[in-house]
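Please follow the account below with the sequence and the coordinates at hand. The discussion moves from individual residues to the arrangement of strands and ends with a pocket.

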Amino acid sequence: MKITIGADHGGRKLKDAIVRHLEEKGITMTDIGTYSDDSVDFPSYAEEVSERVIRGEADLGILCCGTGIGMSIAANKISGIRAAVVSDCFSAQATREHNNSNVLCLGERVIGESLALRIVDTWLEAEFLGGRHKRRLDLLEKLEQK
């Protein structure tokens with residue numbers, strides 16, 4: 001599994017904690033930044049992570065900002081991305097199993113580090129269930145064509 005992760009200044013500390021966590025687990029990962037607390041524009045990071053997922057350079061993406069909301073809005077502008085803002089483990093599992101989300105968005109100002117790491121683990125371990133959920137994803141793909 002290959003992960004690409006990015007953050008703006010509001011999510012940089014959480015991103016760094018997730019990077020360390022993924023490295024400890026031996027998961028292949030690319031960290032595209034940001035690497036400081038200097039103000040940056042979140043859409044650029046959402047676009048880069050999302051494009052890497054779409055091109056197949058990463059299986060999944062993780063984005064962090066202050067709330068996770070801005071990153072999810074930006075990432076979901078990219079055709080083929082299903083980004084989900086998650087702040088609990090149940091939603092992390094459900095968004096992979098039911099929606100086949102391919103980008104996880106987390107808010108540093110919303111959840112603590114230990115919960116964020118549990119969410120990441122839950123999300124990465126969950127798998128798309130297919131079946132009736134596949135039919136719904138097909139309907140989502142039709143919406144992208146409009």
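Residue H21 belongs to helix α1, which spans residues 12–24. The model examined here is a predicted one. With a relative accessibility of 14%, H21 counts as buried, because the threshold for that class is under 20%. Once neighbours within four places in sequence are set aside, the contacts of H21 are L117 and D121.

The sheet comes next. Five strands make up an open sheet, arranged in the order β2-β1-β3-β5-β4, and their pairing is parallel. The edge positions are taken by β2 (28–31) and β4 (83–85); each has a single partner strand, so one side of each is left without a neighbour in the sheet. On average, and with direction ignored, neighbouring strands of this sheet are turned by 20 degrees against each other.

One pairing can be followed in detail. Strand β1, comprising residues 2–7, pairs with β2 in the parallel sense over four bridges. Within β2, T28 is the bridge partner of K2. Helix α2 (residues 42–54) packs on the sheet, where it touches β1, β2, β3 (60–65) and β5 (103–107). The direction of α2 makes about 170 degrees with that of β3.

A further residue to consider is I78, which is located in the loop between α3 (69–75) and β4. Is I78 buried or exposed? Its relative accessibility is 16%, and I78 therefore counts as buried, the limit being under 20%. When residues up to four places away in sequence are not counted, I78 touches E47, S50, E51 and I54. These contact residues may be read against the span given for helix α2, residues 42–54. As for R109, 31 residues apart from I78 along the chain, the C-alpha atoms of the two residues are separated by 25 Å.

I78 also appears in the lining of the largest pocket. Which other residues line this pocket? Alongside I78, the lining consists of N76, K77, S79, G80, I81, R82, L140, E141, L143 and E144. Sorted by class, the lining has four nonpolar, three polar and four charged residues. The volume of the largest pocket is about 180 Å³. In such an analysis, rolling a probe the size of a water molecule over the atoms shows where empty space is left. I78 thus has two roles in this description, as a residue that counts as buried and as one of the residues lining the largest pocket.

How values were computed. Residues numbered from 1 in each chain as written. Predicted model: local features only at pLDDT ≥ 70, side-chain atom pairs only at ≥ 80, totals over all residues. Heavy atoms only, no water. 1 Å grid on protein atoms, 1.4 Å probe; cavity = no way out; pocket = protein on both sides within 12 Å on 5 of 7 lines; lining within 4 Å. Points joined across faces, edges and corners; volume = space filled by probe spheres on them. Nonpolar A, V, L, I, M, F, W, Y, C, P; charged D, E, K, R; others polar. Pairing = 2+ DSSP bridges. Helix = DSSP H or I, 4+ residues; strand = E, 2+ residues; numbered from the N terminus. Axes fitted to C-alpha atoms, helices over the stretch in contact; angles between N-to-C directions. Contact = heavy atoms within 4.5 Å. Buried < 20%, exposed > 50% of the residue type's maximum accessible area, 1.4 Å probe, protein only.
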